[in-house]
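Hi everyone, thanks for coming. Let me put the structure up, and then we can walk through it together.

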Amino acid sequence: MTGFDGFREFVETHNGAWSRLAFVLAGNHTAAEDLLQTALFKAAKSWHRIRRYEQTAGLGPPGDLPRRHLAVAQAR
């Protein structure tokens, strides 16, 4: 068991929707890839807390968290 258990499945499940959202936010594929990579890196760093929070309080739809990370990264 590692601190990243479930992260790969989480990403694989939602990657298509996040890629489309990143493209809409960034306006081109290269910037969208950078934006999504940044968001997923931040989510991975916090995965242990995200998993714990999902298990106790719930985050709503699983795709919401990276969308929030994308919006924050896009605003910078």
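Which residues in α1 meet which residues in α2? From α1 we have Phe7, Val11, Asn15, Trp18, Ser19, Ala22, Phe23, Leu25 and Ala26, and from α2 His29, Ala31, Ala32, Leu35, Leu36, Leu40, Ala43 and Ala44; contact here means heavy atoms within 4.5 Å.

A word on the source: this is a predicted model, where local features need pLDDT of at least 70 and side-chain atom pairs pLDDT 80 or more, while totals for chains, interfaces and linings use all residues. Residues are numbered from 1 along each chain as its sequence is written, and side-chain values use heavy atoms, leaving out hydrogens and water.

The chain has four helices and zero strands, helices being DSSP runs of H or I with at least four residues, strands E runs with at least two, numbered from the N terminus.

Back to our pair: α1 and α2 pack at about 140°, axes 9 Å apart. Axes are lines fitted to C-alpha atoms over the stretch in contact, with angles from 0 to 180 degrees between N-to-C directions. That makes α1 oblique to α2: under 35 degrees is roughly parallel, over 145 roughly antiparallel, 65 to 115 roughly perpendicular, and the rest oblique.

Now the core. The largest nonpolar core has 13 residues, and Phe7, Trp18, Leu36 and Trp47 are among those with the most contacts inside it. Such a core is a set of buried Ala, Val, Leu, Ile, Met, Phe, Trp, Tyr and Cys residues joined through side-chain atoms within 4.5 Å; buried means under 20% relative accessible area, exposed over 50%, partly exposed in between, with a 1.4 Å probe and protein chains only. α1, α2 and α3 each supply at least two of its residues, and α2 gives the most, with six.
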